Amino acid sequence: MNKNISSHSFSKSTNKNNRWTYYLLIALLANAAIWGSALLFVKLKKPVYTSTSTATLPETKSAANVNLPNIGQAYYENSSPYANSSIQDPRETYKIIAESEAVLEAAASQINMPVQEFGKPRVRIVLNTTLMNFDFKGATPEEARNKSLAFHQAFQARLNQLRVKEIAQQEIGFQNTLDSAKQKLQDAQQSLSAFKANSGLVSNEQLRDLSANIEQLRRQKAEVSAQQQQISSRVNQLSANLNVSSQQAADAFALQSDQIFQQNLKDYSDASTTLTQLNARFLPDHPTVVEQQARQDASREAFLSRSQNLLGRSVDEPTIQQYALSQANSQSAREALFQGLVASQADQQGLKAQAQEIDRQITLLESRLKNLAQNESTLDALKRDVQIAEAVFSSTLTKFDISRANAFGSYPLIQMLSEPTLAATPNTPKPELILLGAALCSLFINTGIALLYLRQPKNKAFKRELETLELQQPVLSFNESNMSNPFQ
């Protein structure tokens with residue numbers, strides 16, 4: 001039994017030495033691979049330099065309000081790209097544009113470099129700010145900075161191209177809208193002009209002026225009626241005072257103004273006077289009296305015939321005597337009254353004619369006002385259509401001009417806060433970091449191998465001890481039985 005135990009102990013020691021050698025070899029190989037790779041990477045890796053630049057998108061907001069007198073107004077507002085949080089950050093759009101092939105090809109062509117060698121920028125968006133960082137790598141600091149400068153020029157050029165393209169597309173849509181609004185305005189103006197020409201109604205002021213003219217004529221008619229009534233009263237009063245009518249007074253002045261009638265009337269008066277004197281001295285059969293009587297009769301016939309020719313009707317001697325103008329001086333009071341009567345009659349006729357003409361004018365104007373008033377609603381509707389068309393056209397034109405002036409609607413202005421840097425040290429490789437990483441890897445690997453080495457022998461030794469105990473259990477049982485009964 002002791003022999004078995006000795007052989008088991010020897011075998012155990014031999015196995016332990018073999019395992020230690022095996023794990024040590026693994027550790028050496030692993031550490032050699034790690035450190036060899038690290039040193040080889042540091043030795044063979046070409047240095048890479050990084051040029052960094054920073055740009056910002058200002059939170060701009062602009063507005064324009066154009067007032068068009070008697071037409072309307074046009075309002076335009078360019079809000080900040082960050083005003084609505086539900087809308088995507090424009091910097092994300094700019095990031096996609098910066099990484100697009102068009103920008104990279106344009107930038108690479110500026111420095112005569114293939115696109116594959118030029119590479120893509122590293123774009124970093126700084127949260128809660130309006131900043132964007134751009135990183136470019138190069139074999140030398142100058143190459144990295146040149147890449148960054150060429151990239152920014154190509155990036156700005158691409159943004160300008162997109163802005164111009166957007167404005168061109170907007171102009172097409174705006175131009176179509178503007179042409180439609182212009183055509184509608186022309187149609188409305190033509191309809192209004194045709195209606196004015198056909199109806200004779202030019203404006204609403206025309207109706208107001210026409211109504212004012214009618215009211216003015218009515219006032220004149222009232223004044224004329226008052227004057228006519230006043231003149232009529234005067235004529236009636238003079239006629240009553242003279243016991244003649246106005247027509248008779250006019251006849252009297254017509255006879256008085258005729259020289260032949262007046263001469264015949266004077267001959268008749270002289271003959272009558274002479275005859276009266278002769279009748280007082282002689283008998284009626286006296287030749288002188290007979291001669292004078294004949295002269296008187298001839299004068300009477302003459303002025304009666306003349307008065308009939310002047311007045312157009314026969315007038316007897318008593319009527320002539322009633323006028324009594326032949327017996328009065330030209331400046332007598334009776335003649336003045338006759339003149340006043342005739343003048344008043346003339347004024348009365350003139351006022352009557354004026355009143356009739358005013359009535360006729362009022363009738364014509366009222367008829368015209370009625371016809372024009374019926375077309376007023378149509379005129380207002382056409383003028384309203386013209387105003388609406390003018391407002392739409394002017395507003396569209398103003399918005400078109402404002403939109404053309406605003407080139408930063410969808411693509412806000414980007415500003416460089418810091419120019420591309422010229423790196424003083426390479427970005428990669430960094431020997432201290434590589435060596436630190438290799439040391440950490442060696443530490444982790446060595447620790448793992450040591451733990452594996454210490455854990456595995458314990459498990460195997462435990463199993464073997466169990467097997468040894470199982471083999472020794474019958475022997476121990478036999479000895480215990482003999483010791484309990486030594487005399488058997």
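Two strands count as paired here if DSSP finds at least two bridges between them. With that in hand, let's walk through this structure, which is a predicted model.

Start with strand 5, residues 131-138. On one side of the story is strand 1 (residues 49-56), which runs antiparallel to strand 5 and is joined to it by 8 bridges. If you want a spot to look at, find A55, which sits opposite M132 of strand 5. Strand 5 also pairs with strand 4 (residues 122-125), again in the antiparallel sense, this time over 4 bridges. Here R122 is the residue facing D135 of strand 5. Strand 4 and strand 5 make a hairpin with 5 residues between the strands, and in that hairpin N128 takes a positive phi near 60°.

So is strand 5 mostly covered or mostly open? Mostly covered: 6 of its 8 residues are buried. One buried residue to follow is F134, which lies in strand 5.

That brings us to the aromatic rings. The model has 6 aromatic pairs. One of them joins F134 and F155, a tilted pair with 6.1 Å from centre to centre and 55° between the planes. Because F134 belongs to strand 5 and F155 to helix 5 (residues 141-199), this pair ties together parts that are 21 residues apart in sequence. F155 has another partner too: its ring centre is 5.6 Å from that of F151, and the planes are at 5°, so this pair is stacked. Both F151 and F155 lie in helix 5, 4 residues apart, which is about one turn of the helix.

How covered are these two? F151 has a relative accessible area of 0%, so it is buried. F155 comes in at 1% relative accessibility, so it counts as buried as well. Zoom out a little and you'll find F134, F151 and F155 in one aromatic cluster with Y94, F118 and F136. There's a charge to spot here as well: the charged end of K147 sits over the ring of F118, 5.9 Å from its centre.

Now for the outside. L433, L436, L440, L443 and F444 form a nonpolar patch on the surface, and together they have about 520 Å² of accessible area. L433 is in helix 12 (residues 431-484), and it counts as exposed because its relative accessibility is 51%, with the cut-off for exposed being over 50%.

One last stop is S269, in helix 8 (residues 259-281). At 37% relative accessibility, S269 counts as partly exposed. S269 and Q296 are 27 residues apart in sequence, and their C-alpha atoms are 7.9 Å apart in space.

Definitions and conventions:
Residues numbered from 1 in each chain as written. Predicted model: local features only at pLDDT ≥ 70, side-chain atom pairs only at ≥ 80, totals over all residues. Heavy atoms only, no water. Buried < 20%, exposed > 50% of the residue type's maximum accessible area, 1.4 Å probe, protein only. Helix = DSSP H or I, 4+ residues; strand = E, 2+ residues; numbered from the N terminus. Patch = residues over 30% accessible without salt bridge, like charges linked within 9 Å, V, L, I, M, F, W, Y side chains within 5 Å. Areas by Shrake-Rupley, 256 points an atom, 1.4 Å probe, with all protein chains shown as cover. Salt bridge = Lys/Arg side-chain N within 4 Å of Asp/Glu carboxyl O. Phe/Tyr/Trp six-rings, centres within 6.5 Å; stacked < 30°, edge-to-face > 60°. Lys NZ or Arg CZ within 6 Å of the ring centre and 35° of its normal.
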